[in-house]
Amino acid sequence: MIVNWVKEDEELLEPYEWAHGDDIEIISTLSCYKVDKQTLHDFIYGCLHIFEPSLCQKVFAIGDGNYALAIETDLNGKVCYRSVFDFCDRDKMNKKIMSLALKDIPYQMYDEGEMKEYGLTRNERLKKQYIEQKIDELYIEDYEAFLKLCYQLNIQDEQSIQKYNHLKNKIEKGFSFIHEVLFHELTKKEYKKK
């Protein structure tokens, strides 16, 4: 099985998004577990702690017979890495999992990752994430730089939280020219951490 590991709080990458430098690994054997749709959803989008001792410090696969993930946990049962399977292995894993009995895996979701915005390239999603994080950072740590950015974008709301929400709403959906301008602007030296 070929997987491309991402950290538990990062978006899963589909095989067509895999790139040089990714954490790609070949796994020869894998235990598989069939779970319900809600559990699978939580494993796809959540940061989880598993309470099943037999699944601690282990690499295994979970799925519902239609979609499957590879999971790696640490010694304490925290999901560290996740991956989808490459296209060649997908059908094989789904068929294998479909034939299994449903397994109840006790876990707690302690955080939920952002939903993947489809229709964007991997590069566009990464740029958008950078922009969102940088705006949050400026608003909290460098308010003068945040105000300068708002002025450049003609955001003239009275209260600072209104300016923040206005800016966040401008970049919420899709990826357009404003995202490219913001990315270019926010990667300049003057916006780097001091």
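**Notebook: burial, salt bridges and one helix face**

I started at Leu-149, which is found in helix H4; helices (H or I, at least four residues) and strands (E, at least two) are DSSP runs, numbered from the N terminus. The model is predicted, so I kept to its limits: local features need pLDDT of at least 70, side-chain atom pairs count only at pLDDT 80 or more, and totals for chains, interfaces and linings use all residues. Residues are numbered from 1 along each chain as its sequence is written, and side-chain values use heavy atoms, with hydrogens and water left out.

**Entry 1: Leu-149.** I looked up the cover of Leu-149 and found a relative accessible area of 1%, so this residue is buried. The cut-offs I used are under 20% relative accessible area for buried, over 50% for exposed, and partly exposed in between (1.4 Å probe, protein chains only). I then took the C-alpha distance from Leu-149 to Leu-167, 18 residues along the chain, and got 9.4 Å.

**Entry 2: the whole chain.** I counted six helices and eight strands. Read from the N terminus, the order is β-β-β-α-β-β-β-β-α-β-α-α-α-α. The C-alpha atoms fill a box of roughly 60 × 30 × 30 Å along the principal axes. Of the 194 residues, 42% count as buried. The exposed area of the chain is about 11300 Å², and carbon and sulfur atoms supply 52% of it; accessible areas come from the Shrake-Rupley method with a 1.4 Å probe, and for residues only the protein chains shown count as cover. Among contacts (heavy atoms within 4.5 Å) with a separation of 6 or more, 69% join residues 24 or more positions apart.

**Entry 3: charges.** I noted 27 positive and 36 negative side chains, the centres of the two sets lying 3 Å apart. Lys and Arg count as positive, Asp and Glu as negative, while His and the chain ends are not counted. Each charge is placed at NZ of Lys, CZ of Arg, CG of Asp or CD of Glu.

**Entry 4: salt bridges.** How many salt bridges does a search of the whole structure find? It finds 11, a salt bridge being a side-chain nitrogen of Lys or Arg within 4 Å of a carboxyl oxygen of Asp or Glu. I looked at three of the pairs.

Arg-125 and Glu-11 meet at 2.6 Å, N to O. This pair links distant parts of the chain, 114 residues apart: Arg-125 sits in helix H3 (residues 122–141), and Glu-11 in the loop between strand S1 (2–7) and strand S2 (23–26). Both Arg-125 and Glu-11 are buried. Glu-17 joins Glu-11 and Arg-125 in a network of salt bridges.

Lys-37 and Asp-64 meet at 3.1 Å, N to O. The two are 27 residues apart, with Lys-37 in helix H1 (residues 37–45) and Asp-64 in the loop between strand S5 (59–63) and strand S6 (68–73). Is each partner buried or exposed? Lys-37 counts as exposed because its relative accessibility is 57%, whereas Asp-64 is buried at 12%.

Asp-89 and Lys-92 form a salt bridge with their closest N and O atoms 3.6 Å apart. Both lie in helix H2 (residues 87–98), three residues apart, about one turn of the helix. An α-helix has 3.6 residues a turn, so residues three or four places apart point the same way. Asp-89 is buried at 8%; Lys-92, at 48%, is partly exposed.

**Entry 5: Glu-8 and Lys-78.** Glu-8 lies in the loop between S1 and S2 and is buried, at 13% relative accessibility. Beyond neighbours within four places in sequence, I listed its contacts as Gly-46, Cys-47, Lys-78, Val-79, Cys-80, Arg-82 and Tyr-110.

I followed Lys-78 next; Lys-78 lies in the loop between S6 and strand S7 (79–83) and is partly exposed at 30%. With the same sequence neighbours left aside, Lys-78 is in contact with Glu-8, Leu-48, His-49, Glu-72, Thr-73 and Tyr-110. The C-alpha atoms of Lys-78 and His-49 are 4.3 Å apart, with their positions 29 residues apart along the chain.

**Entry 6: helix H6.** Which residues of H6 (residues 177–186) are buried? I found His-179, Leu-182, Glu-185 and Leu-186. Down the axis of H6 these buried residues fall within an arc of 130°, so they line one face of the helix; the arc is that of the directions from the helix axis to the C-beta atoms. Phe-177 and His-184 are exposed on the other side. The buried residues of H6 pack against H3, helix H4 (143–152) and helix H5 (160–171).
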